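Subject: Structure handover and notes

Dear colleague,

I am handing over the structure we discussed, with the sequence alongside. Please look it over before reading on.

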Amino acid sequence: MTGLRIFSGRSNRGLAERIAEYLGLPLGRTQLDDFPDGEISLKLLDDVRGCDAFIVQSTCPPGNKHLMELLIFIDCLKRASAKRITAVIPYFGYARQDRKDEGRVPITAKLVANLLTTAGANRVLTLDLHAHQIQGFFDIPVDNLSAEPVLSAHIGTLDLGPLTLVSPDVGNVKRARVYANHLGGDLAIIDKRRISGSETQSMAIIGDVQDKTVLMVDDIIATGGTIAQGCTIVRKYGAKRVIVAATHGVLCGPAVERLSGAPLDHLAVTDTIPTCDEAHRQLTKLTILSVCELMGEAIRRIHRNESVSSLFMS
Ligand code: R5P
């Protein structure tokens with residue numbers, strides 16, 4: 001893979017190392033630090049002139065810092081004459097504000113798209129964007145992979161029995177249908193209302209979960225409110241067993257407390273965001289699956305100008 005260079009920001013170096021290992025390449029060498037006033041300082045220690053450069057950075061909390069670091073990285077690669085720069089963003093933050101559904105609010109997903117392009121990104125590779133239409137906020141190619149094959153392969157090893165796929169809100173129905181197509185089972189939807197950034201109210205369930213194993217799927221677990229309430233509702237309506245699969249374990253604020261108190265049997269997330277030791281200690285039912293092979297394979301194919309569409313499962 002001549003000319004391919006892979007770099008990592010500081011948000012998820014573990015995943016970047018696993019991706020580089022899959023590709024059989026070392027991570028590019030950098031001097032990445034903070035100035036005394038908190039500004040980010042970066043110097044590339046490898047020559048990237050004419051290279052196909054990939055920078056791996058999730059814009060997970062602290063999102064502002066990780067986003068700025070990604071922009072600075074892209075600018076640095078551009079000024080060092082990389083031929084093509086791909087922003088590899090396993091978790092794309094600021095994606096949930098993707099439309100103006102009330103007055104006087106920003107569309108942060110579009111703002112981030114503009115910032116990445118202005119900084120010099122030529123392509124974006126990401127995973128389970130909060131909404132597919134965010135791809136249209138960019139005028140550069142965006143490959144939006146799905147973690148469903150990774151999560152489904154793991155869930156398929158569990159003893160499932162009669163299964164119902166549950167979407168914890170209307171936004172995840174399509175996602176639940178993709179899992180149902182691969183694992184089998186019926187579909188049910190929870191009627192969720194969002195009260196604030198950290199508070200949701202799950203009202204009722206449309207569909208049958210009585211005596212079933214429930215697999216509840218979501219793209220993001222942030223404060224854990226959606227999933228904890230969803231688990232309570234499906235148990236109330238007679239679910240025998242509750243399994244939760246989510247791509248991005250943001251796990252902020254009261255998430256660990258909420259999830260450890262939720263009536264769930266198994267929780268699986270991917271490694272798009274590093275999970276802190278405290279969450280590992282408290283969430284005994286948590287399994288973390290790596291998307292390194294999926295993302296590494298996509299990088300290999302992009303570099304070789306091969307199709308990545310067979311990696312898209314949604
Ligand atoms: C909402 O549209 C998303 O798909 C997730 O359900 C939501 O972001 C989860 O947030 P929280 O864990 O804070 O309820």
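Below is what was found in it, region by region.

Please keep in mind that this is a predicted model.

The parallel sheet

Five strands make up an open sheet with parallel pairing, in the order 1-4-5-6-7. At its edges are strand 1 (4–8) and strand 7, each of which pairs on one side only. Ignoring direction, neighbouring strands in this sheet are turned against each other by 15 degrees on average.

Within the sheet, strand 4 runs parallel to strand 5 (residues 84–89), and five bridges join the two. To find the register, start from Val-56, whose bridge partner in strand 5 is Val-88. Helix 1 (residues 13–23) lies across strand 1 and strand 4, and its direction is at about 160 degrees to strand 1.

Arg-10

Arg-10 sits in the loop between strand 1 and helix 1. Its relative accessible area is 34%, so Arg-10 is classed as partly exposed. Leaving aside neighbours within four places in sequence, Arg-10 contacts Leu-32, Asp-33, Asp-34, Ile-40, Gln-57, Lys-65, His-66 and Glu-69. Another pair to look at is Arg-10 and Ile-273: they are 263 residues apart along the chain, while their C-alpha atoms are separated by 11 Å.

Strand 8 and its partners

Is strand 8 (residues 163–167) mostly covered or mostly open? It is mostly covered, with five of its five residues buried. In a regular strand, side chains alternate between the two faces of the sheet. For strand 8, Leu-163, Leu-165 and Ser-167 are on one side and Thr-164 and Val-166 on the other; all of these are buried, and both faces are covered.

Strand 8 has parallel pairings with strand 11, through four bridges, and with strand 9, also over four bridges. Leu-165 is opposite Leu-215 in strand 11, and Val-166 has Ala-188 in strand 9 as its bridge partner.

Backbone details

Three places in the backbone deserve a look. The peptide bond from Pro-61 to Pro-62 is cis, and its omega is near -5 degrees. Pro-62 belongs to the loop between strand 4 (52–56) and helix 2 (63–79).

Asp-128 has a positive phi, near 40 degrees, and is not a glycine. This residue is in the loop between strand 6 (123–127) and strand 7 (142–145). Asp-128 counts as buried because its relative accessible area is 8%, below the 20% cut-off.

Leu-251 is also a residue other than glycine with a positive phi, here about 45 degrees. Its position is in the loop between strand 12 (241–249) and helix 7 (255–260). The relative accessibility of Leu-251 is 16%, so this residue is buried as well.

Cavity

How many cavities of 30 Å³ or more does a search of the whole structure find? There is one. The space in the largest cavity is about 40 Å³. Its lining consists of Tyr-91, Phe-92, Ala-95, Leu-127, Asp-128, Leu-129, His-130, Ile-220 and His-248. Asp-128, the residue with the positive phi described above, is therefore found again here, as one of the lining residues. By class, the lining has six nonpolar, two polar and one charged residues.

Pocket

The largest pocket has a volume of about 1,100 Å³. It is lined by 44 residues, and those closest to its centre are Arg-96, Arg-99, His-130, Asp-169 and Lys-192. His-130 is thus named both here and in the lining of the largest cavity.

Which elements each supply at least two residues of the pocket lining? They include helix 5 (173–183), strand 9 (186–194), strand 11 (213–221) and helix 6 (225–236). Strands 9 and 11 were met above as the parallel partners of strand 8. By class, the lining of the largest pocket divides into 13 nonpolar, 15 polar and 16 charged residues.

Regards

Technical notes:
Residues are numbered from 1 along each chain as its sequence is written. This is a predicted model: local features need pLDDT of at least 70, side-chain atom pairs count only at pLDDT 80 or more; totals for chains, interfaces and linings use all residues. Side-chain values use heavy atoms; hydrogens and water are left out. Buried means under 20% relative accessible area, exposed over 50%, partly exposed in between (1.4 Å probe, protein chains only). On a 1 Å grid over the protein atoms alone, a cavity is a set of points where a 1.4 Å probe fits but cannot get out, and a pocket is an open set with protein on both sides within 12 Å along at least five of seven lines; lining residues have an atom within 4 Å of a point. Grid points are joined across faces, edges and corners, and a volume is the space filled by probe spheres set on the points. Ala, Val, Leu, Ile, Met, Phe, Trp, Tyr, Cys and Pro count as nonpolar, Asp, Glu, Lys and Arg as charged, and the others, Gly among them, as polar. Two strands pair if DSSP finds at least two bridges between them. Axes are lines fitted to C-alpha atoms, for helices over the stretch in contact, and angles run from 0 to 180 degrees between N-to-C directions. Contact means heavy atoms within 4.5 Å.
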